[in-house]
Amino acid sequence: MFKWASWFSRDEIEKDIFSPNGRVRCHFSLKNGHVFYSVFKNDKVIIKPSNLGILICGEEPFQNNLKLVREQSRRHVETIEMPWGEDRYIENNYSESTFYLAENKEPRRIFTLRFRVFDHAVAFRYEIPPQPKFSQITIKDELTEFNLDLNTTAWKIPAYEPDRYEYNYEKTTVFNLKKSVHTPLTLKTPNGYYLSIHEAALYNYGSMTIKLNERNILKSDITPLSDGTKAHIVLPFQTPWRLIMLADSAIELTTNRTMFALNDPPTEDFSWVKTLKFIGIWWAMYVGEWTWAPGERHGATTEHAKSYIDAAVRLGISGLLIEGWNDGWEGDWLENGINNKFTVSTADFNLEEVANYAYKNNIEIVGHHETVGFIDNYEKQLEEAYNYYAVNNIHYIKTGYAGSMMLINGRREFHHSQLGVNHYQKTVSLAAKKKIMLDIHEPIKGTGIERTYPNLLSREGARGQEYEGGALSPSHACYLPYTRLLSGGMDYTSGIFDLANSVKRISTTLARQLAYFVTIYSGMQMAADRPFMYEEKFPEEFSFIRDVPTNFEKTLPLAGEIGEYYIVARKDYDSEDWYLGGVTDETGRRVHVNLDFLDNGVYEATIFADSDDAHYRDNQFGILKQKKRVGKNDSLDLYLAPGGGFAIKLKKI
Ligand code: NOJ
């Protein structure tokens, strides 16, 4: 079984693994029984020699007295075709080196380190085979370091806080990362390189957060379980990939799709999966017109649902989300979440009738499950709840995990712990079996598993527009493309037109609400305001939301800086049309956009941009609407007002 252990054995090794174009180099070394790696780009050091290892409960660290018993190297060249997303084609080209290690003393345990070096990333993972003396382990700690210069700039959100990932990004330095932060952790080295540390293919393990250790080196901090350990594991096991995305500029970083390449292709047929744009019985609750709970102002009534279905048909939108339809929302729904029943409607909502009406009108219902983190309650009902939707032709579900902790097996656990990760995975796998597509709010962060499970169409997992009304600054959406969105699409609940509402005032201009549909990708994209805002108040602006695709052939980020601005062009998956979007922070700015990415031919540009006097505080509705003919030799000069943006449809004619 462990035959390879006798092939050869070396106590020291220094090995360079070069990316296909030779510009990225990962150096692996084994010295005095320890293993280290470092990362270089263009021969400039990005990550200095960093420790690797694993600490298993009741055992010596899996880090010392190591020798190399076998090494394998190979090249891989592949173009992956994605069924939906920001880019139809993703390059998966890398050099791989695998180091099989064994302890040279008792207990003579063995493990493997697999490295993949891409032109724009380095990734590695630990693979632990069954050991001569045991086949189950409990992980006490993962000893992976990311040894960066302490003056490296970092854009962080804190970990282990009650609102999960829903915090404002802060610019700081590595020196200040004394408390754990979430990944993707985006960084800029003093020598000018950009990187983001993240993970790919997170299964059956605690999510990785990062903080400085006692030697002032960034180190993985795996989210613990309530028993204080990090993961209970049956061998063989492989950790998620530790992923270091690399770029020469902030804007180049946003094109990095290595996370998806590190996930496995699907093993089942997912040809039934379709991205979706939907409206919802939702924002009316946020502005206090309706309620989730039953009562005089209950939102999810049969009557309201039918009238929203009619509105969706008139608006040319394919889906309708209905929140607050089920029994259990009474009183303080966060406190009472354990009462949620997922197969029982409120008295004034007839799910079968609404579902039939939607079906007849060719509208997809997006069902809603707010678990409030009461996982024991949800998992008891899960199979039946999904069946209930499936038999009623409901193929999309938005799930929610509000609450600061999850209740699993009667204990309070982090959403991002091994048990949380396993719960989310259970929903994704079961949904795949039932041909259901998911949009998970308060999710586990994206690690690219939608490559394997394309029915996972979207997540929230950062502050979205529900935080408007005071807690969102214009810079927030300018951080997202460089941070949170490196982990996949996000349901930001865009398209709020009622900007000056006295209950929830929005800190954007009108044009920027359209821009979000281009700058923030989501496989399930919500047009979040109430239908009358689209039909009666701003039908022309709404036409952009109706037309903008939810699936793109390719994405070309054009310009931007972290937290300041972001300009991106995307080509529709199903037509020759292109869409352009841009957002800026509190600073107004002019940008010059060359249209040289267009194909040959003439395009009709429909432009929604901020007027010269627009401003997110006192002139939110200042908008310029223009149509003109353009081609690939043209360029556009665009103004983005403070807290503003633009959205442009380029239709091939
Ligand atoms: C928080 C989610 O982000 C939001 O979209 C949802 O409406 C509420 N939870 C209630 O489930």
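The ligand in this predicted model is surrounded by 13 residues, each with a heavy atom within 4 Å of it. Trp-282, Glu-323, Glu-370, Lys-398 and Glu-460 are the closest. Sorted by class, this shell holds five nonpolar, two polar and six charged residues; here Ala, Val, Leu, Ile, Met, Phe, Trp, Tyr, Cys and Pro count as nonpolar, Asp, Glu, Lys and Arg as charged, and the others, Gly among them, as polar.

Polar contacts (pairs of N or O atoms within 3.5 Å) link side chains to oxygen atoms of the ligand. Lys-398 places a polar side-chain atom 2.6 Å from a ligand oxygen, while for Glu-460 the distance between a side-chain N or O atom and a ligand oxygen is 2.9 Å. For Tyr-286, the corresponding value is 3.4 Å. Of the 290 Å² that the ligand exposes when taken alone, the protein buries 96% (Shrake-Rupley method, 1.4 Å probe).

Turning to pockets, the largest has a volume of about 420 Å³, the space filled by probe spheres set on its grid points, which are joined across faces, edges and corners. A pocket is an open set of points on a 1 Å grid over the protein atoms alone, with protein on both sides within 12 Å along at least five of seven lines. Its lining (residues with an atom within 4 Å of a point) comprises 16 residues, with Ile-90, Glu-91, His-120, Thr-255 and Arg-257 nearest the centre. Five of the lining residues are nonpolar, six polar and five charged. The strands β8 (89–91) and β32 (552–561) each contribute at least two lining residues; strands are DSSP runs (E, at least two residues), numbered from the N terminus.

Residues are numbered from 1 along each chain as its sequence is written. Local features need pLDDT of at least 70 and side-chain atom pairs pLDDT 80 or more, whereas totals for chains, interfaces and linings use all residues, and side-chain values use heavy atoms, without hydrogens and water.

Terms used. Polar contact = N/O pair within 3.5 Å; in protein donor to acceptor, adjacent residues only side chain to side chain. 1 Å grid on protein atoms, 1.4 Å probe; cavity = no way out; pocket = protein on both sides within 12 Å on 5 of 7 lines; lining within 4 Å. Helix = DSSP H or I, 4+ residues; strand = E, 2+ residues; numbered from the N terminus.
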